[in-house]
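Hi,

Here is the structure I said I would pass on. Have a look at it first, and my notes on what turned up follow below.

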Number of protein chains: 2
Amino acid sequence: MFSGKEQARRPVLLESKRMSLIVVGSVAYDGVETPHGNVERMLGGAATYIGLAASYFTKVKLVGIVGEDFAKEDRDLLTGHGMDLEGLEQVPGKTFFWKGVYSDDMNDRTTLQTDLNVFADFNPKLPESYRSQPYLLLGNIQPALQRSVRAQMNGVRLVGGDTMNYWIADYRDELLETIKEWDFLLINDSEARMLSGHHNLKRAASAILDMGPNTLVIKRGEYGAILFRRDSHFMVPGYLLEEVFDPTGAGDCFAGGFIGYLAEKGCDLKQGHIDRKELGRAVIYGSVMGSFCCEKFGVDRFRTLKREDIDARFREFREFTEF
Amino acid sequence: MFSGKEQARRPVLLESKRMSLIVVGSVAYDGVETPHGNVERMLGGAATYIGLAASYFTKVKLVGIVGEDFAKEDRDLLTGHGMDLEGLEQVPGKTFFWKGVYSDDMNDRTTLQTDLNVFADFNPKLPESYRSQPYLLLGNIQPALQRSVRAQMNGVRLVGGDTMNYWIADYRDELLETIKEWDFLLINDSEARMLSGHHNLKRAASAILDMGPNTLVIKRGEYGAILFRRDSHFMVPGYLLEEVFDPTGAGDCFAGGFIGYLAEKGCDLKQGHIDRKELGRAVIYGSVMGSFCCEKFGVDRFRTLKREDIDARFREFREFTEF
């Protein structure tokens, strides 16, 4: 245990080169319609987006399930980003399929089709090589499964995840048992209001920090994000894009950039272990990854994105927020 | 004309002690109902809020019209903030009255009553002592009246103002003639979309900057504000309040803080005369004043607010946005 941050960070940084982030969640095919076009079927899923975004910062080991129809080119995209797919189970049947359509202003979306397929029986078992890794990001799946993954890990340094309205409403006790063990919870503003029962975000955050996590990140879509800790908070506006082609996965990419940066730096979130500005930088990298995600359909932006593009946009954030 | 900012600013600063801001707009009585309470009748109006907010930064000379019912204690509140009321005409009849009710989340409001009363014949004539002042803020009134006030000024250094959906929709040509002569336009996001015809704010801003103003400030309510210039932009998230008692006047207080700070510093907005960070600080002071406005009903917060509170909140903005 240390609280002198500067002295502590250097050895951890060197060590971090060998450390991986475990990402758990859906790997899917998506059909998406936005005002800019219509794609019938393309690679998607929370774990896919989180993993791709995080892969620019740290080694990612994926945990998920796909069917026989999972294409080699999609597998290649993931391994091309250095991902370990030992934990990506392939079983008879079809891959999870989701289809949705966005409103003209992209602020609402309607689900047209959800075929869980092989994802209905997802019961994540971590390969031995995954269990002693220090970072764990639990994508939005049933809280009991998130909890089971957490229990399979030994000595995890930092664990956090996402959830959604469905689990908050119908699996509340299970969800509370689960997030009690997390360092951070990363949800959107309406989920934060629903989980806490408070409309005001400051009050909502205070109630959620009482549930266990020491850090809450509230995603606000085009309006940016807020990170809350007991003793401070950090706010960033959303990046202004000239065109939002497809917002699918942007929240997951935020999560990937956020934990990816923390993993790259070898940080944990315990009180006294990390300073507020480092937390702010993690939120900025999350915002950067979310903004890139919207620039093309599905995961297409990650086919060409380079780390230098990411760092350039990080500097842009500094330019348009400094005063 | 100068472009070396640092050398130029010092003499202007000294000179600014004698310079005033002219504020034009409605002075009214408001009836307001929010989830926190109901006030039947209290001092309100755009010029009132703008003037009060700006008075913490610079000398304010008010231009408006009130009826015989305008109370001495309300006049005293304004003069108590150092305001010159020579331009506040008092005529037979009643003062403008507006009544509205806010939704539970305070994001919507419904107008219940609008009695223009003496405001229907408002035709601002500037007292001689107002005409050579360097700063002019035109609150939301009919564009032709805003233009007539601008025309009565000699050698104004910085002029900007507000407008609303009604003028954008039904008085478009008159409005375009008016804002063509302004340095800045300060409106909310839905007005910016309506005026420009673009949903995307970057595109909307670019179209509006083509209409004349070199600076556009878009207010986004609880989500903060964005300042656009041709070569840069600045974004700030909204201040998180634990309670919003009454958002009436918050946008006007933003305007007052924004131009008040520029007047205090002796700035103008011409390209090359002001640096991006100074503009950012003006937006922050606008945000600070808007946030204080919401903390009590009507203008009540300004009965006790001190400049040191304002500067303390400015520092808070720095703390929760720096990374």
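Let me start with a pair of side chains in chain B: B:Arg301 and B:Glu295 form a salt bridge, with N and O 2.8 Å apart. The arginine, B:Arg301, is buried at 12% relative accessibility, while B:Glu295 is partly exposed at 21%. In chain A, salt bridges with shared partners tie A:Arg147, A:Glu177 and A:Lys180 into one network. Before going further, please keep in mind that this is a predicted model.

Salt bridges come up a lot here, with a count of 36 over all chains. One of them, between A:Glu128 and A:Arg131, has an N to O distance of 3.9 Å. That still counts because the cut-off is 4 Å. A:Glu128 is exposed, with 61% relative accessible area, and A:Arg131 is partly exposed at 23%.

Now to how the two chains are arranged. Chain B lands on chain A with an RMSD of 0.0 Å after a turn of 180 degrees and a shift of 0.0 Å along the axis. That is what a two-fold axis gives. Within chain B, the C-alpha nearest the axis belongs to B:Pro237, at 2.7 Å from it. The copies meet through the same surface, since 100% of the interface residues of chain B are also interface residues in chain A.

How much do chain B and chain A bury between them? About 3,400 Å², with 56% of it on carbon and sulfur atoms. Three residues, B:Tyr223, B:Leu240 and B:Phe323, supply 27% of the area that chain B buries against chain A, more than any other three residues. The contact takes 35 residues from chain B and 35 residues from chain A.

On the polar side, there are eight salt bridges between chain B and chain A, and 18 residue pairs in polar contact, both residues at pLDDT 80 or more. As for which elements are involved, α7 (189-196), α8 (201-209), β12 (225-228), β13 (233-236), α10 (276-293) and α11 (307-321) of chain B each supply at least two residues of the side that touches chain A. The most comes from α11(B), with six residues.

Two of the salt bridges are worth opening in your viewer. B:Arg203 pairs with A:Glu243, the closest N and O atoms being 2.8 Å apart. This pair crosses between chains, from helix α8 of chain B to the loop between β13 (232-236) and α9 (250-265) of chain A. Both ends are partly exposed: B:Arg203 has a relative accessible area of 32%, and A:Glu243 comes in at 28%. The other is A:Arg203 with B:Glu242, whose side chains meet at 3.7 Å, N to O.

A glycine also sits at this contact. A:Gly280 is in helix α10 (residues 276-293) of chain A and is buried, at 0% relative accessibility. Leaving out residues up to four places away in sequence, A:Gly280 touches A:Phe234 and B:Phe323. That second partner, B:Phe323, is one of the three residues named above for the area chain B buries. A:Gly280 and A:Arg303 are 23 residues apart in sequence, and their C-alphas are 27 Å apart in space.

Next, the cysteines. How many disulfides are there over all chains? The count is zero. A:Cys293 has the sulfur of A:Cys253 as its nearest cysteine sulfur, 3.6 Å away. A disulfide needs the two sulfurs within 2.5 Å, so a pair at that distance does not qualify. A:Cys293 is buried, with a relative accessible area of 0%. In chain B, B:Cys293 is in no disulfide either, and the sulfur of B:Cys253 is 3.6 Å away. B:Cys293 is likewise buried at 0%.

A backbone point: A:Asn117 has a positive phi, near 50 degrees, without being a glycine. Most residues other than glycine have a negative phi. A:Asn117 is in the loop between β7 (109-115) and β8 (135-138) of chain A and is partly exposed at 33%. In chain B, B:Asn117 also has a positive phi of about 50 degrees and is partly exposed, at 31%.

Last, have a look at helix α2 (residues 46-54) of chain B, where nine of its nine residues are buried. They include B:Tyr49, B:Ile50 and B:Leu52.

Cheers

Notes. Residues are numbered from 1 along each chain as its sequence is written. Chains are lettered from A and ligands numbered from 1 in the order in which they are written. This is a predicted model: local features need pLDDT of at least 70, side-chain atom pairs count only at pLDDT 80 or more; totals for chains, interfaces and linings use all residues. Side-chain values use heavy atoms; hydrogens and water are left out. Copies are superposed by least squares on the C-alpha atoms of residues with pLDDT of at least 70 in both. Contact means heavy atoms within 4.5 Å. Buried means under 20% relative accessible area, exposed over 50%, partly exposed in between (1.4 Å probe, protein chains only). Helices (H or I, at least four residues) and strands (E, at least two) are DSSP runs, numbered from the N terminus. Buried area is the accessible area (1.4 Å probe) that two parts lose on being put together, summed over both. A polar contact is a pair of N or O atoms within 3.5 Å; within protein, one must be able to donate a hydrogen and the other to accept it, and residues adjacent in sequence count only if both atoms are side-chain atoms.
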